[in-house]
Amino acid sequence: MALQALIFDVDGTLADTERDGHRVAFNLAFREFGLDWDWDVDLYGKLLAVTGGKERIRYYVESFNTDYAKPDNFDELVASLHKTKTRHYTEMLSGGRIPVRPGVRRLLDEARKAGLRLAIATTTTPDNVTALLKYSLAEDAESWFEVIAAGDIVPAKKPAPDIYFWTLEKMNLGPADCIAFEDSENGLKSSLAAGIQTLITTNDYTADHDFPGAIAILSDLGEPGNACQVFSGDMRGRGYVDVALLKQWHAAA
Ligand code: XBP
Ligand code: MG
């Protein structure tokens, strides 16, 4: 059966959002709440083991800041902190500060012209996706995606496959009709557990992750004249990922 749809993760895949985006926004929220918590670049790399911002705050308190005495209203505090973090993050995006990764715009344009269906399956908050698409891709970029599956719409976040199952159901597609794009071990576990072939593009935080079962592991999607690094997989002589290559990979699987 022919390739029908591409499903994209957001953080780390469409754009390098974690180190200079989410991390900074978390710290701004902590400061606003008078907390002396500071997530430096290294610590944040460890905290990324847990997906989802609210879940990550809990993980930090429970595993890295064990001296902190949780107040009775801790659940509310986490929710408020996260809301504030989202405000800071989307404000940062609105300044156009976080560009999409190499090859992303080109491949999305090409896929739309080729009539492939597009979707997003991410752990991040829906407002964050909307802002990234609008300010880093194009004013109307949200409309390029038939389904945007994000945040708390499924209770079990990646590495659980639920967000991908939700996306497939909304699109009335089977896993074999699609290719997923991910950047992390948790993301790959999620897409593969849903049965979807997955291409990995790595970033600084995920370069040392294990990616068993990926179609290929690349530094990025590459551009004509600016080839990506290939860590594993067969690029069939190309220096960048295009729709023709995706179709070849899909047919070979
Ligand atoms: C992304 C995440 C997100 C962001 C923060 O994982 O883990 O939690 O770090 O987003 P993936 P929120 O790329 O695998 O989907 O704070 O909005 O939850
Ligand atoms: Mg990701």
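1. Let me start with the second largest pocket of this predicted model. Helix α1 gives the largest share of its lining, 3 residues. The volume comes out at about 190 Å³. The residues around this pocket are Asp16, Thr17, Glu18, Arg19 and Asp20, then Val41 and Arg101, and finally Asn203, Asp204 and Tyr205. Sorted by class, that makes 6 charged, 2 polar and 2 nonpolar residues. Where does the second largest pocket lie with respect to domain 1 (5–16 + 99–252) and domain 2 (18–94)? Both domains give residues to its lining, so the pocket lies between them.

2. On to the largest pocket, which holds about 620 Å³ of space. Its lining counts 40 residues, and Glu18, Leu48, Thr51, Gly52 and Arg56 are the closest to the centre. Two or more lining residues come from each of α1 (18–32), α3 (53–63), α4 (74–94), α6 (126–137) and α8 (185–193). In the class breakdown there are 19 polar and 16 charged residues, with 5 nonpolar ones. As for the domains, domain 1 and domain 2 each supply at least three residues to this lining.

3. A word on the domains themselves. The assignment splits the protein into domain 1, made of 5–16 plus 99–252, and domain 2, covering 18–94. Taken over C-alpha atoms, their centres are 26 Å apart. The contact between them takes 20 residues from domain 2 and 16 from domain 1.

4. Now the inside. In soluble globular proteins, nonpolar side chains tend to be buried together. Here the largest nonpolar core has 43 residues, and the members touching the most others are Leu6, Phe8, Phe181, Val241, Leu246 and Trp249. Strands β1 (5–8), β2 (117–122), β4 (178–182) and β6 (216–218) each give two or more residues, as do helices α4, α5 (104–113), α6 and α9 (243–252). Which element gives the largest share of this core? That is α6, with 5 residues. Both domains give residues to this core, so it too lies between domain 1 and domain 2. There is also a second, separate core of 18 residues, with Trp37, Leu43, Leu77 and Tyr205 among them. Tyr205 is worth a second look, since that residue also turns up in the lining of the second largest pocket.

5. Phe181 is a handy place to look at the larger core. Setting aside neighbours within four places in sequence, Phe181 is in contact with Leu6, Ile7, Phe8, Asp9 and Thr13, and also with Leu107, Tyr164, Leu199, Leu221 and Leu246. Of these partners, Leu6, Phe8 and Leu246 are named with Phe181 among the core members that touch the most others.

6. Thr201 sits in strand β5 (residues 197–201). Is Thr201 buried or exposed? Its relative accessibility is 5%, so Thr201 counts as buried. Not counting residues up to four places away in sequence, Thr201 touches Gly12, Thr13, Arg101, Glu182 and Asp183, plus the run Leu218, Ser219, Asp220 and Leu221. Two of these partners, Thr13 and Leu221, also contact Phe181.

7. Helix α8 has a buried set made up of Asn186, Gly187, Leu188, Ser190 and Ser191. Their cover includes α7 (162–171), together with strands β4 and β5. Just after the helix, Gly195 takes a positive phi of about 85°.

8. Two residues that touch Met92 deserve a comment. Val24 is in helix α1, and at 26% relative accessibility this residue counts as partly exposed. Outside the four places on either side in sequence, Val24 touches Arg19 and Met92. Val24 and Met92 are 68 residues apart in sequence, while their C-alpha atoms are 9.4 Å apart. Arg97 belongs to the loop between α4 and α5. With 55% relative accessibility, Arg97 counts as exposed. Beyond its neighbours within four places, Arg97 is in contact with Asp20 and Met92. By contrast, Arg97 and Tyr60 are 37 residues apart in sequence but 27 Å apart in space, C-alpha to C-alpha.

Note on methods: Residues are numbered from 1 along each chain as its sequence is written. Chains are lettered from A and ligands numbered from 1 in the order in which they are written. This is a predicted model: local features need pLDDT of at least 70, side-chain atom pairs count only at pLDDT 80 or more; totals for chains, interfaces and linings use all residues. Side-chain values use heavy atoms; hydrogens and water are left out. On a 1 Å grid over the protein atoms alone, a cavity is a set of points where a 1.4 Å probe fits but cannot get out, and a pocket is an open set with protein on both sides within 12 Å along at least five of seven lines; lining residues have an atom within 4 Å of a point. Grid points are joined across faces, edges and corners, and a volume is the space filled by probe spheres set on the points. Helices (H or I, at least four residues) and strands (E, at least two) are DSSP runs, numbered from the N terminus. Ala, Val, Leu, Ile, Met, Phe, Trp, Tyr, Cys and Pro count as nonpolar, Asp, Glu, Lys and Arg as charged, and the others, Gly among them, as polar. Domain bounds come from an automatic or database domain assignment. A nonpolar core is a set of buried Ala, Val, Leu, Ile, Met, Phe, Trp, Tyr and Cys residues joined through side-chain atoms within 4.5 Å. Buried means under 20% relative accessible area, exposed over 50%, partly exposed in between (1.4 Å probe, protein chains only). Contact means heavy atoms within 4.5 Å.
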